[in-house]
Amino acid sequence: MKILIDTFGADEGSKVLVDGAILALKQKDFIPVFVGNESELEKLIDGKIKDYEIIHTDEYISNDEDPVRAIRRKKNSSLVLAYNKLNEEGYDGLLSAGSTGGLLAGGIFISKRIDGIDRPSLAAPLPSIGAYTMLMDTGANMDCKPAYLAEFAIMGKVFLENVIHIKNPSIGLLNVGVESHKGNKLTKEAYELLSNSKLNFVGNVEARDLFTGKVNVIVADGFAGNIAIKSAEGVISLFKAQMKEVFYKSLKNKLAALAIKDDLAKQMGKFSSQNIGGVPLLGVKSYVYKAHGNSNAIAISNAILGLIEYINMDVINKIQGELND
């Protein structure tokens, strides 16, 4: 199996992508195909990987560029080269920590969409105290039609059934209240579509239930989903900072912190993005994973391993089959 790795876009540079691949190779056998500056990558690899490929380029798509224009004009950018290679036989998946917009545009214009899917979606797993929960979309599609949200639900269902092995996952619609009449035009129409579908739709879900495990898939337009998840990340970061301040306030508190340190670290570890690593771009005809720009080597390793599992479960064909039923 050959996994294409875009080495541009990570906050820590190409090194974190190479180090992540090295860690992943300790658990799974695959051939990493690095897309980036060849001389820099050779120095970073330095004999630590036996079998690999490098596709050389110094060009990449930044976060502040118009993604569609960049995909069309920057033919030698790392994402365009990786997507084109992914269309060739023998290359199985792509991981990038770079531009989300670029990754989405490349999926639409180079890999193409699955028949019957209007908008691909990023599917983000959420830390949960209950059942496994995934949020779709988290920022790939800012303006949505009701039909897009129904498509997100279908893709989420197939992904959870085949990769996470959850039978008949429950679907919820992110809204301002649980009542069926609540929301704006988009959510009201989406509610009706989902209610009349064959999906296990259980109704509206409020943002307060993002982490309670109330449902397995929460669907939302990318604007609302992105605000919800980033607000939650901000609260979690603030909570951690406040806890640290309390623990260092006195000797008594330091001793208390020492006593619960391991249990606290275990619980808070659920909210660490490095344990998830990355998220799939569902709805395109290629296997693509998006990693956080601030990923460390552990996160990249977990993203690669998640991508391999995604590929092995043949999810794309199963999504197509679900749409054809």
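## Two domains

The protein chain is assigned two domains. Domain 1 is built from two segments, 1–117 and 283–324. Domain 2 covers 121–273. The model is a predicted one. Taken over C-alpha atoms, the centres of domain 1 and domain 2 lie 25 Å apart.

## The interface between the domains

The contact draws 16 residues from domain 1 and 13 residues from domain 2. Together the two domains bury about 1,400 Å². Carbon and sulfur atoms account for 74% of that area. On the domain 1 side, three residues lose the most area to domain 2: Leu104, Ile117 and Glu322. Their joint share is 29% of what that side buries.

How many salt bridges are counted between domain 1 and domain 2? The count is one. Lys157 and Glu322 pair through their side chains, with N to O at 3.2 Å. That distance falls within the 4 Å limit, so the pair qualifies as a salt bridge. Glu322 thus appears twice in this picture: it is listed among the residues that lose the most area, and its side chain meets that of Lys157. Polar contacts add to the description, with two residue pairs found across the interface. Both pairs are at pLDDT 80 or more.

## What domain 1 brings to the contact

Four elements each give two or more residues to the side of domain 1 that touches domain 2. They are α5 (100–111), β12 (287–291), α11 (297–312) and α12 (315–324). Which element gives the most? It is α12, with five residues.

By residue class, this side of domain 1 has eight nonpolar residues. Four polar and four charged residues make up the rest.

## Salt bridges in the whole structure

The structure holds 11 salt bridges. One of the pairs is Lys285 with Asp115. Their closest N and O atoms are 3.7 Å apart. This pair links distant parts of the chain, 170 residues apart. Lys285 sits in the loop between β11 (278–282) and β12. Asp115 sits in the loop between α5 and β5. Side chains of opposite charge can pair when their charged atoms come close.

## Aromatic pairs

The count of aromatic pairs is five. Why is the pair of Tyr191 and Phe201 edge-to-face? The ring planes stand at 80 degrees, so the pair earns that label. The ring centres are 5.2 Å apart.

Tyr191 belongs to helix α7 (residues 185–195). Phe201 belongs to strand β9 (residues 200–205). The two residues are 10 residues apart in the chain.

## Backbone points to check by eye

The peptide bond from Met136 to Asp137 is cis. Its omega is near 10 degrees. Asp137 lies in the loop between β7 (133–136) and α6 (146–164).

Lys112 has a positive phi, near 80 degrees, in a residue other than glycine. Lys112 is placed in the loop between α5 and β5 (121–122). The loop between α5 and β5 also holds Asp115, the partner of Lys285.

Notes. Residues are numbered from 1 along each chain as its sequence is written. This is a predicted model: local features need pLDDT of at least 70, side-chain atom pairs count only at pLDDT 80 or more; totals for chains, interfaces and linings use all residues. Side-chain values use heavy atoms; hydrogens and water are left out. Domain bounds come from an automatic or database domain assignment. Contact means heavy atoms within 4.5 Å. Buried area is the accessible area (1.4 Å probe) that two parts lose on being put together, summed over both. A polar contact is a pair of N or O atoms within 3.5 Å; within protein, one must be able to donate a hydrogen and the other to accept it, and residues adjacent in sequence count only if both atoms are side-chain atoms. Ala, Val, Leu, Ile, Met, Phe, Trp, Tyr, Cys and Pro count as nonpolar, Asp, Glu, Lys and Arg as charged, and the others, Gly among them, as polar. Rings of Phe, Tyr and Trp (its six-membered ring) pair if their centres lie within 6.5 Å; planes under 30 degrees apart count as stacked, over 60 as edge-to-face and the rest as tilted.
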